[in-house]
Amino acid sequence: MITGKNFIGNTPSAKGTDHLTAINPATGEVLEGAFAIATQEEIAEATALAQSAATSFSQVSAKERAAFLNAIADEIMALGDELIQRAMAESALPEGRITGERGRTCNQLKAFALLLEEGSFVNATIDTAIPDRQPLPKVDLRKMDIPLGPVAVFGASNFPLAFSTAGGDTASALAAGCPVIVKGHESHLGTNELVSSAILKAAEKTCMPNGVFSMVNGSVEVGQALVTNPSIQAVGFTGSYRGGKAIFDAAAKREQPIPVYAEMGSTNPVLLLEEKLNTSAEALAEQLAGSVTLGVGQFCTNPGLIIGIESDVLNTFSQALGKALAAAAPATMLNKGIADVYEATSSALANELGVTTLAAKQTTPGNQASPLAMEVSGDTFLANPKLHQEVFGPFTLLVKCSSSTQMAEVVAKLEGQLTGTVMATENDLASNGDIIQALQNKVGRILFNGVPTGVEVCPSMHHGGPFPSTTNPKYTSVGADAIHRFMRPICYQSWPRAALPDALKNDNPLGIWRTVDGDFTNKPIS
Ligand code: NAP
């Protein structure tokens with residue numbers, strides 16, 4: 001049952017008088033629940049509780065934290081059809097997508113549990129003492145990663161499960177040993193409450209300290225109060241550039257600035273190189289149209305920018321792209337705000353000088369979006385920064401460059417991106433080395449003859465990229481390495497052996513892999 005309450009640790013709380021409501025974006029229906037906006041007092045309680053839980057949670061063993069994460073996955077599955085139906089109603093995403101996302105959410109939690117059980121994620125590095133070193137003795141130094149402290153998580157509207165309440169940010173922060181406070185996304189308030197209750201049940205069953213997880217509802221003021229609260233030590237965010245940058249700036253202005261890991265999306269450029277295009281223009285158009293319209297284009301990896309060199313074959317490609325997008329059915333977006341922004345930004349681009357619309361816009365009732373493609377010359381693109389902005393939805397812009405020199409100029413002008421894709425033959429790669437190198441410098445993941453939508457969750461994935469796609473290009477928000485966002489190194493110098501953490505003890509009681517005097521080993525130190 002939906003209560004509309006915040007969770008201050010394991011206590012449901014609704015002290016405020018203002019409420020938010022959840023709306024089905026497909027029908028406009030107001031869904032069950034009046035969600036109490038958290039008061040400043042409740043935010044202070046949640047952050048104080050998180051701070052007091054931080055010490056005891058950091059001392060919970062990695063294996064016990066793994067049991068907690070596995071229990072969260074079990075409790076999410078135990079929510080059954082109620083969760084699936086609520087997430088569908090709140091997001092307009094189809095059942096297959098939501099059940100797939102639930103599976104991904106649980107698998108992420110279980111993958112972090114395995115990482116914790118194995119134990120080497122603490123990056124233990126040991127340099128033993130050399131007392132007789134000349135001219136000076138060398139001291140004993142032992143370094144490992146420890147949790148940062150309470151983390152505020154802002155879930156994404158476009159992944160109500162996998163990038164929201166128990167999504168990648170929460171899973172990696174809890175895995176790191178940090179208490180989490182989630183600011184519920186207004187787009188899926190009921191889903192957020194159900195998943196929050198599952199996390200709290202799991203915390204209770206596995207005896208985690210009260211305050212290890214809290215959830216508050218509200219809008220910008222609640223988010224700002226969280227980020228600026230002195231107890232919060234890091235932030236995980238997925239959403240718009242405007243929101244992410246505002247949170248980053250607020251965190252930087254604090255008396256104690258804290259890291260903000262904001263993933264803010266990108267246009268994900270696709271380069272069409274000559275030999276590849278000549279052999280498969282229509283197939284490429286079909287493939288890219290499928291990627292542009294997947295999930296109503298509401299992916300941060302949507303291929304929103306396609307770059308080719310003027311030719312008859314590129315014209316064949318653009319016609320085929322326009323035809324494929326015109327044939328794709330309009331579909332409902334995640335919420336009215338996102339649908340309105342899509343309509344406004346795509347209409348504004350269509351009115352920019354030199355922009356030609358390839359797929360005629362279809363009439364779309366309610367919050368539906370019509371798939372769209374537009375094209376411009378390389379000159380127009382280079383001269384107009386408005387054409388470089390992301391249009392969040394089933395949209396792509398084709399840039400027709402006059403030459404490979406201009407293609408290189410266009411790539412050089414791009415901002416930082418999550419992904420870059422090269423549609424090419426091996427000959428194309430060899431003859432466009434400089435362009436490929438320039439693209440590599442702009443992106444976090446570079447693809448060869450594929451589409452950027454579809455982000456595999458595994459240790460080698462990097463879902464991040466140079467600013468403004470994220471606020472920190474060194475870190476991924478997907479995959480095992482996401483845990484390192486919420487940990488920091490500490491070095492023990494000449495510390496008594498018995499008082500060292502297990503990860504750094506000579507006999508290696510955890511059996512983990514460590515770097516000892518330059519060797520990577522899981523053996524004890526003799
Ligand atoms: P958003 O507006 O950035 O909001 C994300 C979260 O941050 C929400 O919980 C929001 O609270 C909060 N927030 C926003 N501005 C804030 C501020 N100044 N201070 C504190 N908290 C703040 O993103 P969205 O609602 O998911 O979607 C809006 C747009 O974001 C889309 O049209 C799209 O352009 C982009 N988007 C990008 C991605 C991506 O993958 N990078 C994903 C989804 C959306 P409120 O809801 O209360 O405002």
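**Exercise 1. Describe which residues come nearest to the ligand in this predicted model, and which of their side chains approach its polar atoms.**

Solution. Start with the shell: 22 residues surround the ligand, and of these S157, E186, Q224, S240 and C300 come nearest. Next, look for pairs of N or O atoms within 3.5 Å, since this is the cut-off for a polar contact. The side chain of E186 has an N or O atom 2.6 Å from an oxygen atom of the ligand, while the side chain of Q224 places an N or O atom 2.9 Å from a nitrogen atom of the ligand. To these can be added H185, with a polar side-chain atom that lies 3.0 Å from a ligand oxygen atom. Finally, consider the ligand's surface: on its own the ligand has 860 Å² of accessible area, and the protein covers 85% of this.

**Exercise 2. Work out what kinds of residues form the shell around the ligand, and which helices and domains supply them.**

Solution. Begin by sorting the shell residues by type, which gives nine nonpolar, 10 polar and three charged residues. Then turn to the helices, where α7 (220-228) and α8 (241-253) each contribute at least two residues to the shell; α8 gives the most, with three residues. Lastly, step back to the domains: domain 1 (6-122 + 144-264) and domain 2 (269-448) each provide at least three residues of the shell.

**Exercise 3. Give the order of the strands in the seven-stranded sheet, and explain why β15 and β20 each have one side without a neighbour.**

Solution. First write down the order, which is β15-β17-β18-β13-β12-β19-β20 in an open sheet with mixed pairing. Because β15 (356-357) and β20 (443-448) stand at the edges and each has a single partner strand, one side of each is left without a neighbour in the sheet. Now examine one pair within this order: β13 (residues 305-309) and β18 (residues 395-401) run parallel and are joined by five bridges. In this pair, I306 stands opposite L398 in β18.

**Exercise 4. Decide whether T39 is buried, partly exposed or exposed, and state how far it lies from V216.**

Solution. Locate the residue first: T39 belongs to the loop between β4 (30-36) and α1 (40-59). A buried residue has under 20% relative accessible area and an exposed one over 50%, so T39, at 21% relative accessibility, counts as partly exposed. For the last step, compare sequence with space: T39 and V216 are 177 residues apart along the sequence, yet their C-alpha atoms are 9.0 Å apart.

How values were computed:
Residues are numbered from 1 along each chain as its sequence is written. This is a predicted model: local features need pLDDT of at least 70, side-chain atom pairs count only at pLDDT 80 or more; totals for chains, interfaces and linings use all residues. Side-chain values use heavy atoms; hydrogens and water are left out. A residue is near a molecule or strand if one of its heavy atoms lies within 4 Å of it. A polar contact is a pair of N or O atoms within 3.5 Å; within protein, one must be able to donate a hydrogen and the other to accept it, and residues adjacent in sequence count only if both atoms are side-chain atoms. Accessible areas come from the Shrake-Rupley method with a 1.4 Å probe; for residues, only the protein chains shown count as cover. Helices (H or I, at least four residues) and strands (E, at least two) are DSSP runs, numbered from the N terminus. Ala, Val, Leu, Ile, Met, Phe, Trp, Tyr, Cys and Pro count as nonpolar, Asp, Glu, Lys and Arg as charged, and the others, Gly among them, as polar. Domain bounds come from an automatic or database domain assignment. Two strands pair if DSSP finds at least two bridges between them. Buried means under 20% relative accessible area, exposed over 50%, partly exposed in between (1.4 Å probe, protein chains only).
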